[in-house]
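Hi there,

Here is the structure I promised to send over. Have a look at it first, and then read on for what turned up in it.

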Amino acid sequence: MTSELEIGLYIFMLAGFLGYHVIMRVPPLLHTPLMSATNAIAGISLVGSLVVAGADYGVFSTVLGFIAVACSSTNVVGGFLITDRMLKMFKTAKDQAAQRRRVDPKMLLALAMLVVGLLVLFYWSEQLRSDAAYFFREVLPTQALSYFYIISAALFILGLKGLSSPKYARRGMFLAEFGMLMAVVGTLFHHEIVTFKWIIIGFVIGAIIGGIMGLRIPMTAVPQRTALSHSLGALAACLVGISEYFRHSGELSKVTMTALGFEVIVGGLTFTGSLMAAAKLQGLLPGHPITYKGQNIFNLSLLAVIVGSLIYLIIMPTAGTLFYVMVGLAFVFGFLLVIPIGAADMPVVIALLNSYGGLADAAMGFMLMNKIQIITGSLDGTSGFLLALLMCRAMNRSAINVLFGAFGKIEKVEGGPAAEAKGIVRSITSEEMAVLLDGLRSVIIVPGYGMAVAQAQHGVAELAKLLMKRGIDVKYAIHPVAGRMPGHMNVLLADAKVPYDQLYDMAQINPYFAQADIALVVGANDVTNPAAKYNKNSPLYGMPILEVERAKSIVVLKRSLNPGFSGVDNELYYDPKCMMLFGDARESLNKLFAALRL
Ligand code: NAP
């Protein structure tokens, strides 16, 4: 083993280990920002792309490098902007009362540094011709590059560490942004870069697209934006790999070929897989799982052909046609991997694809022997994998189930104890609900996916404020997998300006239910199903739930008795303490406000 490879492997392992400990400390409250932050950091593929776009490697490589720069910078700019947008929303009641600053001085500083950095580089490369410039052109670049990368790596880790508390999260992300700036500026010193033309054009295009995606996309579309961003980052990694293979006409060492092969395969399948995920979530493709007979065998056979091709290429790296066929098959495999998975399971898939994207970046790092890419790729890979595992654990799904893609198709359990529990359902009107709210002392609001569908978070926040004005104690109960992405409810409620110190996670809130006068369930279903505690036949069995049934009375806002994501009937609705306020959650809340004003 070459010592460089050995060092690379050590770095990869240590960064993964560090990433695990840092990311485990990120609270569920910040899981959605974590997803977009790691997505932005995964834009580190920009570093490799810059060199390919700016060096004199031939037209083909320059074109691929240019596309890769545009894709990666979309990730970086869009990812950091949307993360900042989200983090700005997470405030305590005290923060909300405090005066807001209009312009963020940190952003201005970062922008100023970027502009100055680019101008200085232009000046060096185009103007300096004297001997004194030798130091700046030849010596400083190599020195600067390694120092810039070391600082960037530290800043990325500190940035992720900041996400362990909403208080320090924005500061942390600023450090990560600064780290990215340093890595990019450092790379511009790379001695092989001879022109900045395609770098600048690619960056501007990517920054515009990323800027629009980061600033304009509604919070409810964060999962599909993240998926789209993953696909671009993975495409960048794949294109850089293809460019390197083409440039060397396959004359590569076994180690480089292994890393490059891994990079293009994982990059390729992540590109198409993430595109599919984004299209399913956006409703451009049918959200239901598409399955056919022998699907798993076909997919596994295809994977075996891809792996077999890579092994052959490691032995015979100059087999060019096989290389391009292998890349094509990896693209096809990405599509096939995601089509049997339902749209509701996409958050798990996105987290996994995030992890694959990180691994593709790390592979690019091994191929170019670029340590910052190995570190960030490892961090990203760990983060995505951990998030996927945490989601699975909260949903009581096994990791094996996720890894082998056999999910998204949950069978309905007919005739189980939940169905037997069917009895009388009591419904109430908004007017009756208004009367019920009189004379209460404590209310626990339980939001779920239906609140997101109805866009009822603003109504919920308004109701909570009104109740608090009446001296009623209001708490929000947040289940880790309520909604359809990690931290979904936190982001929506933050968007409705609910202070995060009013949000309680499952372990914190469950002891309070017994004292609550009303548990107000707004569009939540599975996360409140008591069957999860004892019914071994239920797909929900073993999933920790919000113990709503322990409240003195329960009011559920939903349109019908239809099941939620799991397809399981909820016996809570037949509890004598439970009252159903049927209708779209937002409309029901509007009617309730009207009744309260009477
Ligand atoms: P849920 O079990 O999916 O139930 C949502 C309920 O919202 C439905 O029963 C639906 O009933 C109601 N609803 C839909 N539109 C509505 C509207 N306009 N107004 C009022 N109600 C409406 O949701 P959940 O309790 O939040 O549980 C989340 C589920 O998703 C869990 O099973 C979890 O494992 C899964 N999941 C979560 C994640 C994640 O990361 N958060 C990822 C993947 C899967 P009606 O049709 O009767 O209105």
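Which element gives the most to the shell around the ligand? That is α19, with four residues. Please keep in mind as you read that this is a predicted model.

**Around the ligand**

Let me start with the ligand, since there is plenty to look at there. Besides α19 (449–454), helix α15 (371–395) and strand β6 (553–558) each supply at least two residues of the shell. There are 31 residues around the ligand, and those that come nearest are N525, D526, R559, S560 and D584. By character, the shell divides into 17 nonpolar residues, nine polar ones and five charged ones.

A few polar contacts are handy to pull up on screen. Two of them use the protein backbone: a backbone N or O atom of V481 sits 3.0 Å from a nitrogen atom of the ligand, and a polar backbone atom of G483 is 2.9 Å from a ligand oxygen atom. A side chain takes part as well, with an N or O atom of K558 lying 3.0 Å from an oxygen atom of the ligand. How much of the ligand does the protein bury? Taken alone, the ligand exposes 910 Å², and the protein buries 97% of that.

**Salt bridges**

Next, the charged pairs. Side chains of opposite charge can pair when their charged atoms come close. How many salt bridges does the structure hold? The count is ten, and here are three of them.

- R247 and E244 join their side chains in a salt bridge, at 3.1 Å from N to O. The two are three residues apart in helix α10 (residues 222–247), so about one helical turn separates them. R247 is partly exposed, as its relative accessible area is 29%, while E244, at 7%, is buried.
- K475 meets D473 in a salt bridge, with 2.7 Å from N to O. Here K475 is the buried partner, with a relative accessible area of 11%, and D473 counts as partly exposed at 36%.
- R550 and E547 form a salt bridge with an N to O distance of 2.9 Å. R550 is partly exposed because its relative accessibility is 36%, whereas E547 is buried at 18%. This pair also belongs to something wider: salt bridges that share partners link K533, E547, E549 and R550 into one network.

**A nonpolar patch on the surface**

Which residues make the nonpolar surface patch of about 640 Å²? They are L300, L303, V307, I311, Y312, I315 and M316. Take I311 as one of them: this residue lies in helix α12, which covers residues 295–315. With a relative accessibility of 46%, I311 counts as partly exposed.

**Some loop residues**

Finally, three positions in loops that you may want to click on.

Is N529 buried or exposed? N529 is buried, because its relative accessible area is 0%. You will find N529 in the loop between β5 (518–522) and α23 (531–534). Its C-alpha atom is 9.6 Å from that of P544, a residue 15 positions away along the chain.

The other two have backbone angles to check. Q455 is not a glycine, yet its phi is positive, at about 55°. Q455 sits in the loop between α19 and α20 (457–469), and counts as partly exposed, since its relative accessible area is 30%. K497 also has a positive phi without being a glycine, in this case about 65°. Its place is in the loop between α21 (488–495) and β4 (503–505). K497 is exposed, because its relative accessible area reaches 51% and the cut-off for exposed is over 50%.

If you open just one view, try the ligand with V481, G483 and K558 displayed, as each of these has an atom listed above in a polar contact with the ligand.

Happy browsing, and all the best!

How values were computed:
Residues numbered from 1 in each chain as written. Predicted model: local features only at pLDDT ≥ 70, side-chain atom pairs only at ≥ 80, totals over all residues. Heavy atoms only, no water. Patch = residues over 30% accessible without salt bridge, like charges linked within 9 Å, V, L, I, M, F, W, Y side chains within 5 Å. Areas by Shrake-Rupley, 256 points an atom, 1.4 Å probe, with all protein chains shown as cover. Salt bridge = Lys/Arg side-chain N within 4 Å of Asp/Glu carboxyl O. Buried < 20%, exposed > 50% of the residue type's maximum accessible area, 1.4 Å probe, protein only. Near = heavy atom within 4 Å. Polar contact = N/O pair within 3.5 Å; in protein donor to acceptor, adjacent residues only side chain to side chain. Nonpolar A, V, L, I, M, F, W, Y, C, P; charged D, E, K, R; others polar.
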